[in-house]
Amino acid sequence: QEQLPLNSELELVNGDPAEEIIRLANIYKSDLIVIGSRGLTGMTKIVQGSVSSQVVEESPCSVLVVKPM
């Protein structure tokens, strides 16, 4: 964190991942959320849900989803 070319903060929270990401984006008035995707498809995605999909749907700002290679 000290080597980053910008100011940053680390915050550890408990709770539903998507809800916490969205909550913090609202608190910090974020311009962009960058989030990874596990690349789930089909029934696995339906059963397990997708944090990145929920964040994209409910985010107050732009979301960049990075998919696995």
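## Salt bridge in helix α1

Arginine 23 pairs with glutamate 20 in a salt bridge whose closest N and O atoms are 2.8 Å apart. The model is a predicted one, and it holds one salt bridge. The two residues lie three positions apart in helix α1, so about one helical turn separates them. Side chains of opposite charge can pair when their charged atoms come close.

The partners differ in burial class: arginine 23 is partly exposed at 37% relative accessibility, whereas glutamate 20 is buried at 15%.

## Leucine 24

Leucine 24 also belongs to helix α1. Its relative accessibility is 15%, so leucine 24 counts as buried, the cut-off for that class being under 20%. Between leucine 24 and valine 13 the C-alpha to C-alpha distance is 9.7 Å, with eleven residues of separation in sequence.

## Negative surface patch

Asp16, Glu19, Glu57 and Glu58 form a negative patch on the surface. One of these residues, aspartate 16, sits in the segment before α1, a helix that covers 17–27. Aspartate 16 has a relative accessible area of 33% and is therefore partly exposed; membership of a patch requires over 30%.

## Serine 59

The loop between α3 (51–58) and β2 (62–66) contains serine 59. With 16% relative accessibility, serine 59 is classed as buried. Its side chain reaches the backbone oxygen of cysteine 61 at 2.8 Å.

Note on methods. Residues numbered from 1 in each chain as written. Predicted model: local features only at pLDDT ≥ 70, side-chain atom pairs only at ≥ 80, totals over all residues. Heavy atoms only, no water. Patch = residues over 30% accessible without salt bridge, like charges linked within 9 Å, V, L, I, M, F, W, Y side chains within 5 Å. Areas by Shrake-Rupley, 256 points an atom, 1.4 Å probe, with all protein chains shown as cover. Salt bridge = Lys/Arg side-chain N within 4 Å of Asp/Glu carboxyl O. Lys, Arg positive; Asp, Glu negative; His and termini not counted. Charge placed at Lys NZ, Arg CZ, Asp CG, Glu CD. Helix = DSSP H or I, 4+ residues; strand = E, 2+ residues; numbered from the N terminus. Buried < 20%, exposed > 50% of the residue type's maximum accessible area, 1.4 Å probe, protein only. Polar contact = N/O pair within 3.5 Å; in protein donor to acceptor, adjacent residues only side chain to side chain.
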